[in-house]
Structures are given as structure tokens and as C-alpha cells.
Amino acid sequence: MKKNLKTDILIVGNGMVGATAAIAFAQAGFQSIIIDQVKPLEQASMSYDGRASAIASASQKMLQQLGIWGRLKKNYTPILDIRVSDQSSRHFLHYASNAVDNKPLGFMVENRHFRQALNAELGCLDSITLISGVKAETIRRNNEGVFAMLTNQQIIKASLIVGADGRQSQVRSEAAISLTRYDYKQTGIVLNVEHEYDHNNIAHEHFYSGGPFAILPMRNDRGKNIKSSIVWIDKTEKISKILEMQDEQFNFLLNQKFGDFLGRVSAISPKWTYPLSFQFANKCIDERLALVGDAFHGLHPIAGQGFNMGLRDVAALAEVLVDNARLGLDIGGFSTLKEYEMWRHFDNTSMLFFTDTLNRLFSNNILPLKVLRQLGLTITNKLGPLKKNLMLYAKGDVGDLPKLLEGRSL
Ligand SMILES: Cc1cc2nc3c(=O)[nH]c(=O)nc-3n(C[C@H](O)[C@H](O)[C@H](O)COP(=O)(O)OP(=O)(O)OC[C@H]3O[C@@H](n4cnc5c(N)ncnc54)[C@H](O)[C@@H]3O)c2cc1C
């Protein structure tokens, strides 16, 4: 084991965002070292993360460009339509892919398949060194560079450190970057189910007063469209009671919540739980430091956008770094990092605001709001241009897009 290592970029966190960042930086011609406290094999197991992610079509183009999508083989399911409804009301909003360009609005991918694909790609790139089972013991930054001592006593010198270490980011807290945070007092249960009938690649989101209930289309091991990933959000105390239920009682409630439009529904996986909170770092850069993904922003999963936003951070950061490096500028320099901050600030604040407002508007039983949102769903469903714009948002095709999100190379 080499004690002293030198690289362009030190990435802390080999989660889905950090690993994608390493691959994007490699494509941009940078050397990087990526560290994680957890071993990659453990991260890619179902017991570590049973979630599936909705991937917007722009994110899919980026993953394709980076060579990650191809490594998923057939482990993804297209989302053709999205149907949004408010409790048991007959008002709903229907987004259909054939109303835009006949291409999928997005794709569902199990996180474990993502992690396997990312590990496979990481392992093939000589410019990336992965060190797992370690943390940074100390991180020092000055105008000469970043100096990190790892818990295995290796010392790394880099021009830039990227904090991709999730919601409890050590990189963020060591840089004393403050956080705006509050608890939603909601928890999400994630599980996989099988149902009798084909879901026809339609994703459903039902809004209830305690929180949304999402049914996300997947394929089972035999390639049949009779499997879905469920994200069941409710007030935390209610979820605690649900988790105490015997299987039979749980299945009864699950079928009640799901509805009978796909026939009988049965749970086919363990349940994973996620307490939900809003958090936003008050800045995403500091001396020779940039934050990406959940280390920067923690969104409500109501619109399935957290990972997508992390990919947008990575695409913007990689493009800013390569553009500045081509001009001979320092990739850890203030003016380089400021460009990244300015590019990502508006997009991230608007998505945080949008998901937060959506949750506040729908997760309650206040009568005037109930009337307002049912009216809103009906009007939006009928207003072509507004609906089309929302669909472009869901596809990730809005704003000043970095090249990778348009499927172009850096
Ligand atoms: C219920 C639910 C459903 C969701 N569904 C969707 C969806 O459909 N679509 C979507 O886009 N998003 C979705 N999200 C959000 C998405 O899962 C996250 O935004 C995304 O996983 C964040 O990835 P990350 O790599 O930034 O952070 P993390 O996944 O938290 O990864 C951080 C990594 O850093 C490592 N680490 C942490 N601290 C240290 C340290 N000190 N030293 C070394 N390593 C460290 C960890 O081990 C981990 O590997 C959902 C979230 C929830 C809760």
C-alpha cells in the first residue's frame, strides 16, 4: 500500500452520486481517488438499499454517455405514463409520453443494480482509485491544495475535494458549512410487490393526507410487468404502527391503499424505512471544496428527484472543471468553483421549493386546500402548455442543461 498519493480530485463518498462523479471526471481527463467507509460489495446488496430510483430521461442520457447505462444490461423499466390523483377523488392528472415525443418519461432502476453497474465501470477506469472501508481522519485545505489523512494512515494530496458523502456529510461539517434543515415528521416505507395484471409501464402517485403513496413500474425476474416498487409515506407515528402489524394485516392495508386496478397485490420483499427531512447546505463551495448530491441538498422523495439533482450537480461540476482546466486555470480555484455554485443554485433551490410545497399542499386534510388542489389537478390536466411544461420538468429537460444531460461528451 502506497502511503502518499497525489491526484487531481479526492471524492469522499462512493454512493450513486460520488461514483458517477468519479466516472464523469475520468471522462473529462482528471485523475481521482474516491473513498468510502463501506465496501462496494456491501453497498450493492439488496439488504443495504432496497430502493428503486425513477431516472429522468435527461439523466438517462448522461448515464448512457458515461458508459454506465449499458452496464445495467436489461435491468431497467421504462415509465411511459404518470398518473397523479388526490386521495379517493375522481380528479387526476395524466402525463402520457405520446403527448410529447413518444419516448419514455423516465426509467425505474433498482439502486442495487445501479451500484453494481457503477462498480463495474469504476473498476475499468485506470484514472480512478477506489479506497473503501476508510474515512478521512483529517482534511486540511489551503491555496496549495487539499491534504487528507485517511483512517488507514494513507495521505492524499489533491487540487479539489468533492463532498459526495450524503446527508450527514463529514466534508460539509468539517468546512463548517451550515445547513437549513427540518424534520417532515414523515417516514417512507419502501417495498416491492407483485400484482396480478400488467402495469403497462404506468407510474401512479396517490396523495393522502399523511403523505404520498407511489406505485412505480418494474419487471420481475421473469421479465413480466407485474412487479412494482412502492414508496408509502405517512406520518412517522402511523408508519411505526404499520410496521408492527402482522403480515396478514399489513397485506390487507397494502391492498386497500393500492386499490384493486391491478388485481390482488402481495409484498415480495422486506420493508425498508426512511425518516424524511428537508435539508439544504447554505453554500456548496468553499476553499478547494465542492458539495454534490445529498451532501448539498436533501429533498422530499415526493417527486423522485434527489438522485436526478445529484446527477445534475455532477454534470455541471465536471463541465466547469474541464472548461477551466482547458484554459489552464486551477480546478480548485475560487473563480472555477463559483461558476459551479452559480450554475446549480437556482435549479436546486427551485426543486427543493417545488417538492416541499407539493408535500405541504397535498399532505393534509384542510378543506380549502383540498378543493384547490383538486381544481388544480383538473385544470392542469386540461391545459396543454402547462401540462407539457410539467412533463419536460419530470423528464429533466428544462433549464440551462450541462452537456452530459443532453447526452453530449465533455
Ligand atoms: C424513499 C426514497 C425514495 C427515493 N426515490 C428517488 C427516486 O425515485 N429518484 C431520485 O432521483 N431520487 C430518489 N431518492 C433520493 C436518492 O435516493 C438520493 O438523493 C441519493 O441516493 C443520494 O445519493 P448520494 O450519493 O448523494 O448520497 P448517499 O447515497 O447517502 O451516499 C453517500 C456515500 O458516502 C459514504 N460516506 C458517508 N460519510 C462518509 C465519510 N465520512 N467517509 C467516507 N464515506 C462516507 C456513504 O457510505 C455512502 O456510500 C429517494 C430517496 C428516498 C429516501
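**Figure 1. Lining the second largest cavity are 2 nonpolar, 4 polar and 1 charged residues.** Here, Ala, Val, Leu, Ile, Met, Phe, Trp, Tyr, Cys and Pro count as nonpolar, Asp, Glu, Lys and Arg as charged, and the others, Gly among them, as polar. We're looking at a predicted model, where local features need pLDDT of at least 70 and side-chain atom pairs count only at pLDDT 80 or more, while totals for chains, interfaces and linings use all residues. Residues are numbered from 1 along each chain as its sequence is written, and side-chain values use heavy atoms, with hydrogens and water left out. The structure has 2 cavities of 30 Å³ or more, and the second largest comes in at about 30 Å³. Its lining is made up of Asn14, Gly15, Ala19, Gln43, Arg115, Leu118 and Asn119. Helix H4 chips in with the largest share, 3 residues. (A cavity is a set of points, on a 1 Å grid over the protein atoms alone, where a 1.4 Å probe fits but cannot get out; lining residues have an atom within 4 Å of a point. Grid points are joined across faces, edges and corners, and a volume is the space filled by probe spheres set on the points.)

**Figure 2. H4 also helps line the second largest pocket, along with E8.** These are the elements that give two or more residues to that lining, and E8 supplies the largest share, 3 residues. The pocket's volume is about 200 Å³. Of its 14 lining residues, Lys74, Asn75, Glu110, His113 and Arg219 lie nearest the centre. By class, the lining splits into 4 nonpolar, 4 polar and 6 charged residues. (A pocket is an open set with protein on both sides within 12 Å along at least five of seven lines.)

**Figure 3. Strands E4, E8 and E5 line up, in that order, as an open antiparallel sheet.** Out at the edges sit E4 (52-56) and E5 (77-79), each pairing on one side only. From one strand to the next, the twist averages 30°. E5 pairs with E8 (residues 106-110) over 3 antiparallel bridges, and Pro78 stands opposite Phe107 in E8. Helix H4 (residues 111-123) packs on this sheet, touching E4 and E8, and its direction makes about 85° with that of E8. (Helices, H or I of at least four residues, and strands, E of at least two, are DSSP runs numbered from the N terminus; two strands pair if DSSP finds at least two bridges between them. Contact means heavy atoms within 4.5 Å. Axes are lines fitted to C-alpha atoms, for helices over the stretch in contact, and angles run from 0 to 180 degrees between N-to-C directions.)

**Figure 4. A 6-strand open sheet runs E9-E3-E2-E13-E21-E20 with mixed pairing.** Its edge strands are E9 (128-132) and E20 (285-286), each paired on one side only. E2 (residues 9-12) and E3 (residues 32-36) go parallel over 4 bridges, with Ile34 in E3 as the bridge partner of Ile11.

**Figure 5. Phe213 and Trp232 meet edge-to-face.** Their rings sit 5.5 Å centre to centre, with 75° between the planes. This pair ties together distant parts of the chain: Phe213 is in E16 (residues 211-218) and Trp232 in E17 (residues 227-235), 19 residues apart. The structure holds 11 aromatic pairs. (Rings of Phe, Tyr and Trp, its six-membered ring, pair if their centres lie within 6.5 Å; planes under 30 degrees apart count as stacked, over 60 as edge-to-face and the rest as tilted.)
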